Amino acid sequence: MIRQDIHRIDPKKRAVLDHRKKQFATPTYKQQDYPYRLNFYEIPPTAEITLEQFEQWAIDRLKILAEIESCSYRNKSAAETAAHITPLLQKFLPLSANTSSPSGAADQRLRNERQKDHYSHFILRLAFSATEDLRRRFVRAETMLFRFRFQQDDSRERRAFIESLNLNWEPVSDQERHELSEKLHNGTPGLRRVDEETWYKVDWENVPELVERRAVFLAKGKAYVPGREQLSIVIAEFTARLERALELTSRALPRLDEDDRLSPILDHLSKNFENADSVYTDGEGFVDGAPINAASIDHLSQYFPACMRSLHMTLRKSHHLKHFGRLQYTLFLKGIGLSLEDCITFWRQSFRGFSDDEFNSRYKYNIRHAYGDVGGDANRRNRGAAPFSCNRILKETGPSVGQTHGCPYRHFSIDNLTGLLQSMGVNDRDVLRGVREDVEKTRYHSACNRVFDWTYRTEIKKAKEDGIWTQSDLQMIAHPNEYFKRAYLLKQGGNPQKNE
């Protein structure tokens, strides 16, 4: 009797749950205010956006993160990185300060910018939570982006943002500062006067960057951080919170498997983190006005990336390529604007050891199929297969004996790669050493872009000085057809804006 009384619940106090009402209940939160330009991304977005916005916003942010990672891989200085990504941010992910608004408050334009930044971060957080490697790289790139924005932010707005975080900083009292004056001075390099700084005590684990370079005084598990090192504390807190959030996100990912609208998009984004491959669209490698025909391919091959140059050289030497090499090269030629008729002519002239009947029966159909002239459904026949991206070439099965397809930076031995690059005119020791280091660290895109930057260094410099090219026109190359287009335009003095 006593037990029954204890566990009995008064019906008047029992919560009445109606699953139908709960399922379709209106969310208590739909919109978020964005009082600051900076964001720690702690509140997930819940307002509705279209699938088109979902994908495009993520792609735009992916471009920025890929370029940031590229700058890091290529050992660009902070100033060089800032110069490189600033125009890209303005183009793909603008984020203005409150002072840019006439009213001094976040108007609709600012709100739209900040909403895109907020949502795109969480979309990519979903895409890159699946594996530890993706999480690590995402945190690193996002931290670098946050650092850049923090340093560029308006000082008053930045101060207000920091105060809104309620960080666990313990101010050092005047008495404690006076007692530790000598130790603070000796333990903080470059400090002139202890009393001119505002000091904070934080757990030393929260400022690993400062501890690593011995820039703070440590005592009883606390780091005494001067106000001038405020950035390090904020960055460390941003990184720690994002790492924890990604761990939680990774546990929730299985729930998205049944959503056939989002899963393919997220999967595509995660597979293209390194090179932003998803931003390439059909026709981007086509150069308006370039003489693209069967007779001009030999001359144009000087503008080809190493993967296509290798295929072309092999074809000219052996007068034959095996299936995957033919497919990779055919789609590339299609992507630069070679017509189906000219492509058939090109291959027929190249395969000089075969009769017309042998060529027509063994090879012609595959060329027509790649162009969408035969096979497949009606939609595919209109487009044909897309030219292989860098990402696909890297992830496809590598060449076996007698095959020449693939990416030289990944699939060639270092000696064979060096020989190929030297045959392309790359003879600078520093560049070749940098390529070797990139390859050893599996930074294949960086190696390819390093070769491009050196090969066309004179043209790039002139195009910038003449104002024809901007930094946003020189973002990291992620597609062989884009490599050709950029190389050709630089050599011809063309304007990239007129060829979009």
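This passage goes through the pocket, the cavities and the aromatic contacts of a predicted model.

The largest pocket comes out at about 730 Å³. It has 30 lining residues, and those closest to its centre are Ser72, Arg140, Thr143, Met144 and Arg147. Four helices, α3 (51-73), α4 (78-92), α6 (132-152) and α11 (230-252), each put at least two residues into this lining. The largest share belongs to α6, with 12 residues. As for chemistry, the lining of the largest pocket is a mix of 12 nonpolar, 8 polar and 10 charged residues.

Turning to enclosed space, there are 2 cavities of 30 Å³ or more. The largest cavity holds about 140 Å³. Of its 13 lining residues, Cys307, Cys390, Cys407, Tyr409 and Cys448 are the closest to the centre. Helices α14 (306-318), α19 (390-395), α23 (444-455) and α25 (480-492) each give two or more residues to the lining of this cavity. Charged residues are absent here: the lining of the largest cavity has 12 nonpolar residues and 1 polar one.

The second largest cavity, at about 60 Å³, is lined in part by charged side chains. Its lining splits into 5 nonpolar, 1 polar and 5 charged residues, and among them are Arg37, Arg61, Asp117, Glu142 and Arg149. Helix α6 turns up again, giving the most to the lining of the second largest cavity with 4 residues.

On to the aromatic side chains, which form 29 pairs. One of these joins Phe304 and Tyr329, with ring centres 6.4 Å apart and planes at 75°, so the pair is edge-to-face. Phe304 sits in the loop between α13 (297-300) and α14, while Tyr329 is in α15 (residues 323-335), so the pair ties together parts 25 residues apart in sequence. Both Phe304 and Tyr329 are buried. Another edge-to-face pair is Phe452 with Tyr483, whose ring centres are 5.0 Å apart and whose planes meet at 80°. Here the link runs from α23 to α25, so parts that are 31 residues apart in sequence are tied together. Phe452 and Tyr483 are both buried as well.

Phe304 and Tyr329 also belong to one aromatic cluster, whose members include Tyr303, Phe332, Trp347, Phe484 and Tyr488.

Finally, two arginines are placed over phenylalanine rings. The charged end of Arg125 sits over the ring of Phe122, 4.3 Å from its centre. Arg158 lies over the face of Phe150, at 5.2 Å from the ring centre.

How values were computed. Residues numbered from 1 in each chain as written. Predicted model: local features only at pLDDT ≥ 70, side-chain atom pairs only at ≥ 80, totals over all residues. Heavy atoms only, no water. 1 Å grid on protein atoms, 1.4 Å probe; cavity = no way out; pocket = protein on both sides within 12 Å on 5 of 7 lines; lining within 4 Å. Points joined across faces, edges and corners; volume = space filled by probe spheres on them. Nonpolar A, V, L, I, M, F, W, Y, C, P; charged D, E, K, R; others polar. Phe/Tyr/Trp six-rings, centres within 6.5 Å; stacked < 30°, edge-to-face > 60°. Buried < 20%, exposed > 50% of the residue type's maximum accessible area, 1.4 Å probe, protein only. Lys NZ or Arg CZ within 6 Å of the ring centre and 35° of its normal.
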